[in-house]
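Me: I would like a close look at one part of this structure. Please show me how the helices of one chain pack, and then place that part in its surroundings.

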Amino acid sequence: MPKKTIVPIGPYHPLQEEPEFFKLHVEGEKVVDLDIEIGYNHRGIEKLSESKSFEQSVFLVERVCGICSTSHPIACVQAIEDAGDVEVPERALYIRSIIGEFERIHSHMLWLGLAGHFLGFNTVWMWVWRYRENVLDVMEHITGNRNHYAMMKPGGVRRDIFSDDIPGIKKILDGLKKALALFRDAVIDDPVIHARTKGVGVLTRQQIIDYGAVGPTARASGVTIDVRKDHPHAAYGFVDWKVITAENGDVFDKTVVRILEMFESIAIIEQCLDKLKTVPGPVDSNPKEIKPGDGIGHYEAPRGEVFHYIRSDGTNRPVRHKVRAPSFMNVATDRVAVLGQSIADATIILAAVDPCYCCTERMMAIDTDKGKPALHSPDLLRLSQEKTARLQRELGTEGPKLDFGVFS
Amino acid sequence: MSFTVNALTRSLNVFHLSGSACNNCDIEILDVLTPRYDAERFGIVLVGSIRHADVLLLSGAFNRKSAVRLKRVYEEAPKPIVVVAVGSCACTGNIFAGSYNIFEPVCNYIPIDAFLPGCPPKPEAMISAIVKLIGKLKGK
């Protein structure tokens, strides 16, 4: 039997933007197991949010993640609006969708570039990021910042999109379409990218369903899941677009799904910009108070479904703010995707779900005497099962009997 | 001009250490290297190991887990090394100041040579900071 070796990737690895620690257990070239250690990025955002007012919370959740920095605010304001029954003007809904889709384009281009970088194909990286600058220019023009747009607020958006700007934005979109067509053809025809990504890191449809993966990761395996279609919010119910899926679930299909999604995003933005010409009105209903109650909000971030839960007790602060980011579900699929693959392919497989650890890290438990983590996954699982059982007792309901044997 | 300063400022080898950042400063740092700004034409390159570095870029506030690693990375760095805190989080803690998991601003852990505030700082601001830093090192 060959000797088992551990190859550490991280926590501060040149290929990673963020600190995270992968332990690859390998036999020769083959990966046989994977451990993921995170916690370098936990900032206690849910707790901090309880000390901020509703308007400040939106700025705080914007800084959960710098790449999906409008997905969290949209989900958060939707949760606040759900809790307080706040009306949102129609024009604001269109502007939310426009900003959200621009963010999706910039995030997918960022991923495409980094994927090229992980494959050792730096030309793709430089090339894609050059065209990504145009998207950031539009964002800077509309919102005043290249990232962290600060556009969302409970009851609407902070800034309008002026009709004088629309022709300029459309011109940039036309240029972008040409560039994206170039990337689409380059990726689909390139023999190097084929050789490195086809049949690599395959996730089957059943694995996606078992792990509850979301976003482009799930759609590349043939699971048609998209919050924009399933629970239309913002302006997604008013415009015409389709959900992109692929069948094979390998890294190549994830790339193709993301590239084709950018074309859909451009189509959504163009339709929304046209609608802005006819939909008048304020962009902000300016709510003065949030009624007691609890609300949920979800939004399809570039990586999948973002979920926010907010409970209000009638004051100006949330009493509970819960965030669930898409990477939390997607990162769990890393282990099944990487098993049996070679070390050289591990980086691109781990990167293929577009992981975002700053989104994911929502809790930390520390033994203060020893300074070491006090809770491990079996403990967390036990706590969660106990809580579910307690809630069921309190509510007098019987939930579905779940078998957690595979995880424990 | 001493030999060390001359060698240090000729081609800056940059090591980028992301603390508990939100990724935004990190992608803007990478952005400086891509075609529109292209800092690599001045010999500024990202390196994979702290042992090769002339400049240490810090982004994000450091929580109690990453602060320990930060000190270790700083101890491993070849001296002299220039430390730049990129972004408001690294400078002051920004909106995360007061969190139960983030105790102190980065300047309390290791000595910082330059602060570059902004959320995130624009690539132009980063290039301007590099130019000022080289000027300062040369004693201008």
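Reply: Here is a walk through the helix packing in chain A, followed by its contact with chain B and a look at chain B.

Keep in mind that this is a predicted model.

Some background comes first. Two packed helices are described by the angle between their axes and by the distance between those axes.

Start with helix 6 of chain A, residues 166-189, and helix 11 of chain A, residues 251-278. Their axes come within 10 Å and cross at roughly 165°. Angles over 145 degrees count as roughly antiparallel. Helix 6 and helix 11 of chain A are therefore roughly antiparallel to each other. Their crossing is left-handed.

Which residues of helix 6 of chain A meet helix 11 of chain A? They are Ile166(A), Ile169(A), Lys170(A), Leu173(A), Leu176(A), Lys177(A), Leu180(A), Phe183(A), Arg184(A), Val187(A) and Ile188(A). Look at the spacing of those numbers. An α-helix has 3.6 residues a turn, so residues three or four places apart point the same way. From helix 11 of chain A, the partners include Thr255(A), Val256(A), Ile259(A), Met262(A), Phe263(A) and Ile266(A). Further along helix 11 of chain A come Ile269(A), Glu270(A), Leu273(A) and Leu276(A). By class, the residues of this contact between helix 6 and helix 11 of chain A are 16 nonpolar, one polar and four charged.

Now look at Asp189(A), which also belongs to helix 6 of chain A. Is Asp189(A) buried or exposed? A residue counts as exposed with 12 or fewer C-beta neighbours within 10 Å. Asp189(A) has 9 inside 10 Å, so Asp189(A) is exposed. Glu300(A) lies 111 residues away from Asp189(A) in sequence. In space, the two are 29 Å apart, C-alpha to C-alpha.

A second helix pair is worth setting beside this. Helix 4 of chain A covers residues 90-118, and helix 14 of chain A covers residues 343-352. Their axes come within 9 Å and cross at roughly 165°. That makes helix 4 of chain A roughly antiparallel to helix 14 of chain A. This crossing of helix 4 and helix 14 of chain A is right-handed. Leu114(A), Ala115(A) and Phe118(A) of helix 4 meet Thr347(A), Ile348(A) and Ala351(A) of helix 14. This contact of helix 4 with helix 14 of chain A has five nonpolar residues, one polar and no charged.

Next comes helix 2 of chain A. Its buried residues are Phe54(A), Ser57(A), Val58(A), Leu60(A), Val61(A) and Glu62(A). They pack against helix 1, helix 3 (71-84), strand 4 (152-153) and strand 8 (318-324) of chain A.

What about the neighbouring chain? The contact takes 33 residues from chain A and 30 residues from chain B. On the chain A side, helix 1 (45-49), helix 2 (54-62) and helix 5 (122-143) each supply at least two residues. Helix 5 of chain A gives the most, with four residues. That side of chain A has 17 nonpolar, eight polar and eight charged residues.

Last, chain B itself. Its secondary structure comes to five helices and five strands. Along the sequence, they follow the pattern α-β-α-β-β-α-β-α-β-α. The C-alpha trace of chain B spans about 45 × 35 × 30 Å along its principal axes. Of the 140 residues in chain B, 41% are buried.

Key
Residues numbered from 1 in each chain as written. Chains lettered and ligands numbered in written order. Predicted model: local features only at pLDDT ≥ 70, side-chain atom pairs only at ≥ 80, totals over all residues. Buried ≥ 20, exposed ≤ 12 C-beta atoms within 10 Å, placed from the backbone. Axes fitted to C-alpha atoms, helices over the stretch in contact; angles between N-to-C directions. Parallel < 35°, antiparallel > 145°, perpendicular 65-115°, else oblique. Left-handed = near helix turned anticlockwise from the far one by under 90°. Contact = placed C-beta atoms within 7 Å. Nonpolar A, V, L, I, M, F, W, Y, C, P; charged D, E, K, R; others polar.
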